[in-house]
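Q: Please take a close look at a single part of this chain, the surface patch with nonpolar side chains, and set it in the context of the whole. A connected account would be preferred.

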Amino acid sequence: MLTAVVIINLLISVVCFYIAAKVGKIRRAIAGFEMRVAAMERRSSNVLSTSPDFLAKRQQGTRQLRRRYQQLELQLQQGQQLLGLLGLGRTLWLRRDRPLR
């Protein structure tokens, strides 16, 4: 009877050691995963912390480009008006030189 109790205790001990080894392995895997997630979080935090400055600079550049484009559109309109006036003046000048019938 004593031998049976000792054998059962040994079996229970072996099963407990096996479970403890598996739990330790799972704990190490979770710790490694946690370290990777923390590193990814630090990297993404570094990237995201610099992105507002980057975006602000790009927005400022876009505003400057739009302003310059508007200036160029205005100059184009003025040039078109000038060419139209020159064309009208040329037409009137050519009519002036034509003899009347």
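A: The accessible surface of the chain amounts to about 10,000 Å², and carbon and sulfur atoms contribute 65% of that area. The model is a predicted one. Of the 101 residues in the chain, 2% are buried. The fold contains one helix and zero strands, and helix H1 covers residues 2–97.

The overall dimensions can be given in two ways. Along the principal axes, the C-alpha atoms occupy a box of roughly 145 × 30 × 10 Å. The radius of gyration is 43 Å, whereas a compact globule of 101 residues would have a value near 13 Å.

Within this setting lies the part in question. Val15, Tyr18, Ile19 and Val23 together form a nonpolar surface patch of about 380 Å². One of these residues, valine 23, is located in helix H1. Valine 23 has a relative accessible area of 41% and is therefore classed as partly exposed, because that class lies between the limits of 20% and 50%.

Serine 51, also placed in helix H1, offers a second point of reference. Its relative accessibility is 22%, so serine 51 likewise counts as partly exposed. Between serine 51 and phenylalanine 33 there is a separation of 18 residues in sequence, and their C-alpha atoms stand 27 Å apart in space.

As for charge, the chain carries 18 positive and 5 negative charges, and the mean positions of the two groups are 5 Å apart.

Note on methods
Residues numbered from 1 in each chain as written. Predicted model: local features only at pLDDT ≥ 70, side-chain atom pairs only at ≥ 80, totals over all residues. Heavy atoms only, no water. Patch = residues over 30% accessible without salt bridge, like charges linked within 9 Å, V, L, I, M, F, W, Y side chains within 5 Å. Areas by Shrake-Rupley, 256 points an atom, 1.4 Å probe, with all protein chains shown as cover. Salt bridge = Lys/Arg side-chain N within 4 Å of Asp/Glu carboxyl O. Helix = DSSP H or I, 4+ residues; strand = E, 2+ residues; numbered from the N terminus. Buried < 20%, exposed > 50% of the residue type's maximum accessible area, 1.4 Å probe, protein only. Rg over C-alpha atoms; globule rule 2.2 N^0.38 Å. Lys, Arg positive; Asp, Glu negative; His and termini not counted. Charge placed at Lys NZ, Arg CZ, Asp CG, Glu CD.
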